[in-house]
Every structure is written in C-alpha cells, then in structure tokens.
Amino acid sequence: MAQDYTQSLQLTLGHLYPDQLNLYGDRGNILTLRRRCQLRGIELRVVGLGVGDALAPDEYDMLFIGGGQDKEQAPVAQDLHTMKGIGLWAAIEDDMPVLAVCGGYQLLAHYYRPADGPDMRGLGVFDAWTEHKGAHVARCIGDIAIRWNNMTLVGFENHGGRTYLGTAKPLGIVLKGNGNNAEDRTEGAIYRNTFGTYLHGSLLPKNPHFADYLIELALQRKYGQGSPVGNIVALNGTGTHHTSSSNHATNIYVDTSERAAGSTPAVALRPLLSPLDDSLEWETHASMLERLGLYSEATTVLQKHTS
Ligand code: GLN
C-alpha cells in the first residue's frame with residue numbers, strides 16, 4: 001500500500017523581481033499555479049527575490065519572471081549579472097521549470113536594445129536578441145493566440161522590442177497577433193524547461209494546460225522519475241497503475257518509460273495531475289480565440305474541454 005505523501009507534497013517558486021517586473025497581471029500566473037497546486041493537495045510556497053537578493057537554486061523548484069517597462073528592466077539586467085546569473089543558470093541547466101514573460105524573457109536572451117539608452121546585456125539563455133525599433137514604430141499590442149504542442153495558448157501582448165531567434169526553438173507559432181517580431185510568426189523561446197513568451201494577460205489563468213505542464217515538470221524534477229514517493233505512481237508506459245484508497249484527486253502519475261525520458265514535451269501532456277473543472281478557463285480561452293476570428297480552434301477547444 002503506497003504511503004500517503006499528499007500532506008508533504010510541496011513546491012517552492014521563486015518570483016524574480018516582483019516589484020520591478022509585474023505588468024498586465026503577471027502576478028496572476030503565481031496565483032494560478034498556487035491554486036492549481038492547492039486543489040491537488042500540493043503546497044506551493046512563493047518566495048520573492050528582488051534586486052540585491054541572491055538566488056540559491058537548491059531552494060527552489062520553479063521560477064517566474066514577469067514583464068516591465070524599459071526603465072525597470074535596466075536595474076534588473078544589472079542584477080541578473082551581479083547577483084542571480086550563476087544561480088539562475090545552474091537551475092536552468094538542471095531542468096528547473098522557468099517561465100519568463102516579455103521583459104523578463106528579453107533579459108534571458110543575449111541583449112535588449114531599448115528605444116533610448118544603452119543595450120541591456122541579457123543572460124544568453126536563449127540564442128536570441130531583441131531590438132526596439134524606436135518610438136516612431138508601432139508597438140506590438142493586442143490579443144494573441146499561438147499554436148503550442150498541437151494546442152493553443154492565448155494572451156495579451158504589449159512590447160516595443162522585437163525578438164529574433166538564432167538557434168533558439170520557438171515556444172509556438174503565431175495564429176493571430178505579433179509574437180516575437182511581427183515578421184516570422186514565431187512566438188517565445190524554449191531552452192530545456194525554460195519558457196520565454198510575450199503572452200501577458202496574465203498567461204496561465206486562461207491556459208490551464210500550460211499551468212499544469214509547468215507544475216508537472218516541477219513535480220517530476222523534485223520527486224523524480226522512478227523514485228516512488230507516496231501517491232506518485234510509476235506509469236511505465238504500459239498504462240498499468242493503481243489508485244490509493246484515499247481521495248482520488250491527489251493521485252499523480254509519472255511516466256517513467258524510456259520513451260517519456262527521451263521524448264519531446266508532448267509526452268508530459270498525458271494526464272499527470274488529476275483533472276480539475278476548468279470549464280470556465282476553457283470558455284474564456286475559446287472566447288479569446290473567437291474574438292481573434294479563430295472559430296475552428298475555438299470550437300475544438302469547447303468540444304474538447306467543456307461538456
Ligand atoms: N519594455 C519591453 C518592451 O517594450 C518589455 C515590455 C513588457 O514587458 N511588456 O518591449
């Protein structure tokens with residue numbers, strides 16, 4: 001009989017620069033992660049890390065960095081190099097899930113060239129760079145929808161900087177909106193389990209599948225593939241598993257098969273976390289797709305996720 005670990009399942013999220021980088025409801029991403037963990041009996045502790053705070057990677061299971069105006073990004077860029085760079089790189093190279101939105105995303109690439117002032121050197125996690133075309137060129141503003149893993153992500157974007165990918169892999173392909181640069185239809189970037197995106201809004205409340213994906217990555221990383229921990233039941237790709245007698249909602253399945261270990265993120269979309277009633281989230285998601293004229297995508301979402 002598996003021991004009941006639900007009470008002790010705990011994740012720690014480091015919220016980088018909560019005072020400097022928090023635009024268009026970015027804090028809503030944290031609230032969503034905490035709530036979706038809570039509904040599965042998982043405690044999500046949130047620690048704010050401001051300018052001047054060191055980042056000890058072992059203390060965290062996931063990290064979030066929001067967006068901000070050019071003037072707020074400059075001291076953050078400085079601090080990323082003087083205080084947090086080494087810890088952040090260590091976390092990223094160790095596959096910690098990291099979500100970076102807009103201004104935070106730009107500072108994880110090579111550099112951000114603002115409309116005015118000197119270049120802001122980034123950490124170079126993403127092989128990409130960002131240049132602001134100047135105040136005379138229209139900003140990339142409005143609702144946006146992208147294709148991610150054969151599904152859609154929706155959000156709101158507002159950025160003057162245009163990001164160009166070198167070898168960095170995009171997070172998704174733009175269906176409607178501007179994305180990285182309003183030219184090549186790429187949006188965001190991925191490096192290991194670090195995700196950069198221009199989707200504000202905030203992103204996660206309207207995209208429950210992406211929120212759960214980040215939580216699953218953190219649980220898999222912390223509680224490990226193959227090491228049985230309480231209600232984490234190894235699903236060895238043959239689909240055999242057993243449920244504990246206690247409340248079903250806290251069962252978590254981790255796919256430990258070879259296929260899962262070496263495969264693309266699509267595998268993680270198999271249900272690892274117990275499903276929640278996300279009908280409101282999906283209706284909001286579908287209404288944004290509809291507003292963007294993406295009717296067949298909206299219909300697919302409603303058919304798939306709402307009864
Ligand atoms: N200041 C950056 C730009 O304008 C990022 C904006 C943001 O985070 N929303 O591109």
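This report walks through a predicted model of a protein with a bound ligand, beginning at the ligand and moving outward to the strands and loops.

## Around the ligand

Let us start where the ligand sits. It is surrounded by 17 residues, and the closest are Gly68, Asp70, Gln73, Cys102 and Gly161. If you sort the residues of this shell by character, you find 4 nonpolar, 11 polar and 2 charged.

Several side chains make polar contacts with the ligand. In Asp70, an N or O atom of the side chain is 2.6 Å from a nitrogen atom of the ligand. Gln73 also has a polar side-chain atom facing a ligand nitrogen, at 2.7 Å. For Gln106, the partner is an oxygen atom of the ligand, and the distance from a polar side-chain atom is 3.1 Å. On its own, the ligand has 300 Å² of accessible area, and the protein covers 98% of that. Three elements give two or more residues to the shell: helix α2 (70–93), α3 (103–106) and strand β9 (151–159).

## A second look at Gln73

Gln73 deserves a visit of its own. This residue lies in helix α2. Is Gln73 buried or exposed? Its relative accessible area is 1%, and because buried means under 20%, Gln73 counts as buried.

Besides its contact with the ligand at 2.7 Å, the side chain of Gln73 reaches the backbone oxygen of Gly103 at 3.2 Å.

## Strand β4 and its neighbours

Next, find strand β4, which covers residues 98–101. Val98 and Ala100 point one way from this strand, while Leu99 and Val101 point the other way. All four of these residues are buried. This pattern fits a general rule: in a regular strand, side chains alternate between the two faces of the sheet.

Which strands pair with β4? One is β3 (residues 62–65), which runs parallel to β4 and is joined to it by 3 bridges. Within this pair, Leu63 stands opposite Val98. Another is β14 (residues 194–197), also parallel to β4, with 4 bridges between them. Here Ala100 has Gly196 of β14 as its bridge partner. Helix α2 comes back into the picture too, since β3, α2 and β4 make a right-handed β-α-β unit.

## An antiparallel sheet

Elsewhere in the model there is an open sheet of 4 strands, in the order β9-β8-β11-β12, with antiparallel pairing. The edges belong to β9 and β12; each has a single partner strand, so one side of each is left without a neighbour in the sheet. You have met β9 already, as one of the elements that give two or more residues to the shell around the ligand.

Between β8 and β11 there are 3 bridges, in the antiparallel sense. Ile146 stands opposite Val174 of β11, and Arg147 stands opposite Ile173 of β11. The pairing of β11 with β12 is antiparallel as well and has 2 bridges. In that pair, Gly172 has Glu187 of β12 as its bridge partner.

## Loops with unusual backbone

A few spots in the loops are worth a closer look. As background, most residues other than glycine have a negative phi, and most peptide bonds are trans.

Asn150 departs from the first of these habits: its phi is near 60 degrees, a positive value in a residue other than glycine. Asn150 is found in the loop between β8 (140–148) and β9. With 72% relative accessibility, Asn150 counts as exposed. Arg185 also has a positive phi, near 65 degrees, and sits in the loop between β11 (172–176) and β12 (186–187). At 48% relative accessibility, Arg185 counts as partly exposed.

The loop between β11 and β12 also holds Ala182, which counts as partly exposed at 38% relative accessibility. Ala182 is 43 residues from Arg139 in sequence, and their C-alpha atoms are 10.0 Å apart in space.

Where is the cis peptide bond? It joins Gly201 and Ser202, with omega at about 10 degrees. Ser202 has its place in the loop between β14 and α4 (208–223).

Conventions. Residues are numbered from 1 along each chain as its sequence is written. This is a predicted model: local features need pLDDT of at least 70, side-chain atom pairs count only at pLDDT 80 or more; totals for chains, interfaces and linings use all residues. Side-chain values use heavy atoms; hydrogens and water are left out. A residue is near a molecule or strand if one of its heavy atoms lies within 4 Å of it. A polar contact is a pair of N or O atoms within 3.5 Å; within protein, one must be able to donate a hydrogen and the other to accept it, and residues adjacent in sequence count only if both atoms are side-chain atoms. Accessible areas come from the Shrake-Rupley method with a 1.4 Å probe; for residues, only the protein chains shown count as cover. Ala, Val, Leu, Ile, Met, Phe, Trp, Tyr, Cys and Pro count as nonpolar, Asp, Glu, Lys and Arg as charged, and the others, Gly among them, as polar. Buried means under 20% relative accessible area, exposed over 50%, partly exposed in between (1.4 Å probe, protein chains only). Two strands pair if DSSP finds at least two bridges between them. A crossover is right-handed if, with the strands pointing away from the viewer, the path from the first strand over the helix to the second runs clockwise.
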